[in-house]
Amino acid sequence: MLASLILVQNCSDASLNEDEPMAIQRYIEFNKDQDQAAMSQYLRKRCAATFLIAADLIPRNSPRQEKIIAQLISAANKFLMSYQSIGDTSSLNTDEVIRMKNHEDVKIIFTELKEAIDKKFLETGVLVEFLQEDLAFCERATTARFKK
């Protein structure tokens with residue numbers, strides 16, 4: 001459990017003095033020696049937060065955009081549900097406690113990523129590149145994990 005907390009808090013690499021969070025692929029490379037189960041749990045939460053950020057960035061001014069937003073939210077929920085199914089199920093943690101902890105972790109990740117994206121956009125008028133890379137990674141993970 002401590003390993004997953006460390007991974008959640010390591011969304012950006014302070015040792016490299018970066019102002020923006022790492023792209024998921026770089027994060028994987030940087031943390032390749034970490035516990036794989038904890039990393040997998042973190043990546044599920046990170047993808048959930050990434051999909052929610054993308055949904056938040058889309059204007060709600062057409063039925064097509066509303067459909068895309070709904071799909072992104074659905075993808076985020078799938079990642080949260082898959083995380084919950086492999087989460088800590090010890091007698092000390094009920095399903096509700098696990099669900100609330102997962103949502104809190106996603107909120108932390110979402111807030112950190114969103115602040116970095118908003119700051120970069122205000123400075124440059126361009127969304128940060130890692131968001132596009134992360135979306136591509138998470139879409140591939142969705143396709144691989146949740147085949148219909």
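Q: Why does Lys 107 count as partly exposed in this predicted model?
A: Its relative accessibility is 48%. Buried means under 20% and exposed means over 50%, with partly exposed in between, so Lys 107 counts as partly exposed.

Q: What makes Lys 107 and Glu 104 a salt bridge?
A: Their side chains meet at 3.4 Å, N to O. The cut-off is within 4 Å, so the pair qualifies. Lys 107 and Glu 104 both lie in helix H5, three residues apart, which is about one turn of the helix.

Q: Why is Arg 60 called exposed, and why is Glu 66 called partly exposed?
A: Arg 60 has a relative accessible area of 54%, and exposed means over 50%. Glu 66 has 32%, which falls in between the limits of 20% and 50%. Arg 60 and Glu 66 form a salt bridge, with the closest N and O atoms 3.1 Å apart.

Q: Why is the pair of Tyr 27 and Tyr 42 called tilted?
A: The ring centres are 4.6 Å apart, and rings pair within 6.5 Å. The planes stand at 35°; under 30 degrees would be stacked and over 60 edge-to-face, so the pair is tilted. Tyr 27 lies in helix H2 and Tyr 42 in helix H3, 15 residues apart.

Q: How do you know that Asp 134 and Arg 46 tie together distant parts of the sequence?
A: The side chains of Asp 134 and Arg 46 meet in a salt bridge of 2.8 Å, N to O. Asp 134 lies in helix H6 and Arg 46 in helix H3, so the pair ties together parts that are 88 residues apart in sequence. Both Asp 134 and Arg 46 are buried.

Note on methods
Residues are numbered from 1 along each chain as its sequence is written. This is a predicted model: local features need pLDDT of at least 70, side-chain atom pairs count only at pLDDT 80 or more; totals for chains, interfaces and linings use all residues. Side-chain values use heavy atoms; hydrogens and water are left out. Rings of Phe, Tyr and Trp (its six-membered ring) pair if their centres lie within 6.5 Å; planes under 30 degrees apart count as stacked, over 60 as edge-to-face and the rest as tilted. Helices (H or I, at least four residues) and strands (E, at least two) are DSSP runs, numbered from the N terminus. Buried means under 20% relative accessible area, exposed over 50%, partly exposed in between (1.4 Å probe, protein chains only).
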